[in-house]
Amino acid sequence: MGTYTLSATIARPYAEVVDATREALTEQGFGILTEIDLAATMKAKVDVDLPPQVILGACRPPLAYEAIQVDPSIAAVLPCNVVVRALDDATTLVEAFDPDAMMGLSDSGALDSVAADAKQRLSAALAALSAPPEEN
């Protein structure tokens, strides 16, 4: 795992964690703009087998708009990619691009508050995924 990601290892099966990740991101105000089934794409394009994994393109429009107003080129790293990857049948890794890493891409200190807000929200989503499931 790189220093450019926030991550959580979840002791739950992949399909369940994909749904939970979507919900956790929604609760933090993110919408899912794109979804790429990376395993299926790699199988179709280069005939290799990867563990089940999906890339979710998460965006919180007010934050994206604020960032673009400060530095229009920051759009090149939007939306924020969140990867959900099966480690085995009962364990799933969720990784999100760390907004702090975005700060090295722009000279503008005005992006600091945008990155801090995005990081807090992504961290909260990962924390929610790591919490024990509630009993019904």
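Author: Here Ala, Val, Leu, Ile, Met, Phe, Trp, Tyr, Cys and Pro count as nonpolar, Asp, Glu, Lys and Arg as charged, and the others, Gly among them, as polar. This is a predicted model, where local features need pLDDT of at least 70, side-chain atom pairs count only at pLDDT 80 or more, and totals for chains, interfaces and linings use all residues. Residues are numbered from 1 along each chain as its sequence is written, and side-chain values use heavy atoms, leaving out hydrogens and water.

Reader: How does the lining of the second largest cavity divide by class?

Author: Into nine nonpolar, one polar and no charged residues. T21, A24, L25, V82, V94, A96, L122, A125, L126 and L129 form this lining, and T21 counts as polar because Thr is not among the nonpolar or charged names.

Reader: What makes this space a cavity?

Author: On a 1 Å grid over the protein atoms alone, a 1.4 Å probe fits at its points but cannot get out; lining residues have an atom within 4 Å of a point. The volume is about 50 Å³, taken as the space filled by probe spheres set on points joined across faces, edges and corners.

Reader: Which element gives the largest share of that lining?

Author: α5, with four residues.

Reader: Why is α5 called a helix?

Author: Helices are DSSP runs of H or I with at least four residues, numbered from the N terminus. Residues 112–130 give α5 19 residues, so α5 meets that length. From first C-alpha to last, α5 reaches 27 Å, close to the 27 Å expected at 1.5 Å a residue (1.5 Å times one less than the number of residues).

Note on methods. Helices (H or I, at least four residues) and strands (E, at least two) are DSSP runs, numbered from the N terminus. On a 1 Å grid over the protein atoms alone, a cavity is a set of points where a 1.4 Å probe fits but cannot get out, and a pocket is an open set with protein on both sides within 12 Å along at least five of seven lines; lining residues have an atom within 4 Å of a point.
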